[in-house]
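Good morning, and thank you for coming. I would like to take you through a single protein chain and then look at how some of its helices pack.

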Amino acid sequence: MTDSKALGERPYKSLVSLEARVTDPEVIALVAADVRAIREWLLLDLRCVRALNGAEVIGLTEVPKPELARKVFGSAEPPAVRAHLAHLLVSERAVAGVTALDAALWIDAAGLRGERTDVRSLAREMGLSTRQVHRRILAVDASMAQLLTSTDAASVVEGTLAPDRLDAQELWEAVRAECLMSRDPDRAADALLALSRNRSGSRGTPPSRRDDDAPVYRAGNKDARYRDAGRAVNWLATTAHRPPLTPLRDPAELTGSLVTAEAVELTDDPHESLDQLERSINSNQREVLPLLLHHAGRLIPDVAAAGVDTRLRYLGLAYFATFEPQNVHALRFARARQDEALRYSPRGVQDWSVFKGMAGRAFMLGALGHHGAAVQGYLAATRHLERHRPYEATYLPDLSDAYGRIAHHEALRRGNRERAHRAVTRMERIAATQEDPEIHYTLARTQLEVELGFSVRRSDLTLDPSRPEVLRRVDRAFERFIDLSLRIGKANRELVACDLAVLYATASRDRGMLDDAVRRFQQIVAQHGGYANQARQMNVRLRTATTLGRTFSTVPEVTSRFDPLSAATDVVPRRPSGLLIEPAVV
């Protein structure tokens, strides 16, 4: 594989200095057997089951830290050590002469992402004997001994703060996405679900679901679920320290089902593969995206493969391809984009990918129904962007959009009205100095969403006719938004306009407006292909409208082009999270 230096990429920040640190008399000189001992300690810790007593985790089977590990890593806990070792290997593997395949093999065998894969499974997957796999693992042990000898691992691990978490819910969703990457996804998902139910009612547990929306166990082995649930605690703890992104082994991991596509000519050049992926995204060729994402990920598995800029570009495109259908993998890509920019980019905290990763995390939390966490995420993203101005001069549209998302989610959950209006005021100040039509479109959309969110009665999705001043305000906001969306002339903007028009028509009980919006939606889809998540949300709105009286008793649903990234219920939200989707239960 072509390395980053040969491609002329900007060098990334190294985690180690391979200078003559070994000459320091206080440095511990490690050999392969030492690394193996550390690896076995981490595996033993990973295998331990946390005892569960009702709603609380009451402890972890004691695994004493070996003296060698204490000298190398200080007081760092096993989850932090796992993440550090994994990042050290993937970033410095070229220096140590380790291939990307062997690095992934070692990380999986050592369980450095929180889930361990046994050597027999790895051997079957690679078409090798177990003896050959063991030899390759031992060879990486020797390389890791050199890397650990050349760095102050204790200060690196202990000096690395635990990554900021928007909310405990993000951690659960991130591990749920990792379950799809497991070699036994059903068992992994069951373990996480069992842990969630065992901890029901404790702080940080995801909110309960409706009975008809609750997930079901899939593997069918109750004893394995109980045993694995305790181990899932270790998985959560390790994921909190952000180990490197799990590489895609098969396009089906993105879709939850078998991927088929017409013949696509693939390139072996990393940059050309990203160009091909970007063209397919821009032309809305959704059917080939899983294959192209997998191929590009194989060519660019880490920063050592083609440089930090190329790697960050891949993560950005991967997020963009998966966030449109609200595929849960978008959360994985957003987290990795932020973390790898902070770790490896020479621009550090000012790298544009840091903000984009933060905003991407917040967007996906909102799409998954965690609106309070989404608000906190966007607040953090706006503070970051206002404090660490990126080199890009055109950041104001993104800042305006982040404020719009804050207001959107506050209106959606009927939360802090004052915060929503403050966010709109910030957007108005930005728009007053800018001519960018996207900024004005985002402002108009947010103003309408706030008016509708705080004015429509949740019990029956109706605008209160006894408040004519509110009706006039909503009418003005709606007319301005529709006008701007038509002037921009982008398909996705017009589809959003149709969606909000259906909501407004439902709240005002206007069947003619609803029919016009549905007709226009189908015209745009027929011309441009449309987006599966918008069609899914639109159909939930239409089904809700049919329950609100005779006015909408017969409303046909809309159709959209098939999107493999949103075809399976495992990878997309169970219920759309758009504004005022269905009446509140009272």
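Let me fix one term before we begin: when I say that residues meet or are in contact, I mean that heavy atoms lie within 4.5 Å. Please also keep in mind that this is a predicted model.

I start with the chain as a whole. The protein chain contains 25 helices and four strands. It has 586 residues, of which 55% count as buried. If we take the contacts with a separation of 6 or more, 75% of them are between residues 24 or more positions apart.

Now to helix 25, which runs over residues 532–545. From its first C-alpha to its last, this helix of 14 residues reaches 20 Å, close to the 20 Å expected at 1.5 Å a residue. Is it covered or not? Helix 25 is mostly covered, with 12 of its 14 residues buried. Among the buried residues are Asn533, Met538, Val540 and Arg541. Helix 23, residues 491–508, and helix 24, residues 511–528, are included in what covers them.

Let us look at one of these neighbours more carefully. How do we describe such a pair? Two packed helices are described by the angle between their axes and by the distance between those axes. For helix 23 and helix 25, the axes come within 10 Å and cross at roughly 10 degrees. Angles under 35 degrees count as roughly parallel, and therefore helix 23 is roughly parallel to helix 25. On the side of helix 23, the contact involves Asn492, Leu495, Val496, Cys498, Asp499, Val502, Leu503 and Thr506. They meet Gln534, Gln537, Met538, Arg541, Leu542 and Ala545 of helix 25. By class, the residues of this contact are eight nonpolar, four polar and two charged.

My second pair is helix 20, residues 417–432, with helix 21, residues 437–455. Their axes come within 10 Å and cross at roughly 160 degrees, so helix 20 is roughly antiparallel to helix 21. The crossing of these two helices is left-handed. Helix 20 contributes Arg417, Ala420, His421, Val424, Met427, Glu428, Ile430 and Ala431 to the contact. From helix 21 come Ile439, His440, Thr442, Leu443, Thr446, Gln447, Val450 and Phe454. Here the division is nine nonpolar, five polar and two charged residues.

To close, the two pairs were helix 23 with helix 25, roughly parallel, and helix 20 with helix 21, roughly antiparallel. Thank you for your attention.

Definitions and conventions:
Residues are numbered from 1 along each chain as its sequence is written. This is a predicted model: local features need pLDDT of at least 70, side-chain atom pairs count only at pLDDT 80 or more; totals for chains, interfaces and linings use all residues. Side-chain values use heavy atoms; hydrogens and water are left out. Axes are lines fitted to C-alpha atoms, for helices over the stretch in contact, and angles run from 0 to 180 degrees between N-to-C directions. Angles under 35 degrees count as roughly parallel, over 145 as roughly antiparallel, 65 to 115 as roughly perpendicular and the rest as oblique. A crossing is left-handed if the near helix is turned anticlockwise from the far one by less than a right angle, and right-handed if clockwise. Ala, Val, Leu, Ile, Met, Phe, Trp, Tyr, Cys and Pro count as nonpolar, Asp, Glu, Lys and Arg as charged, and the others, Gly among them, as polar. The expected span of a helix is 1.5 Å times one less than its number of residues. Buried means under 20% relative accessible area, exposed over 50%, partly exposed in between (1.4 Å probe, protein chains only).
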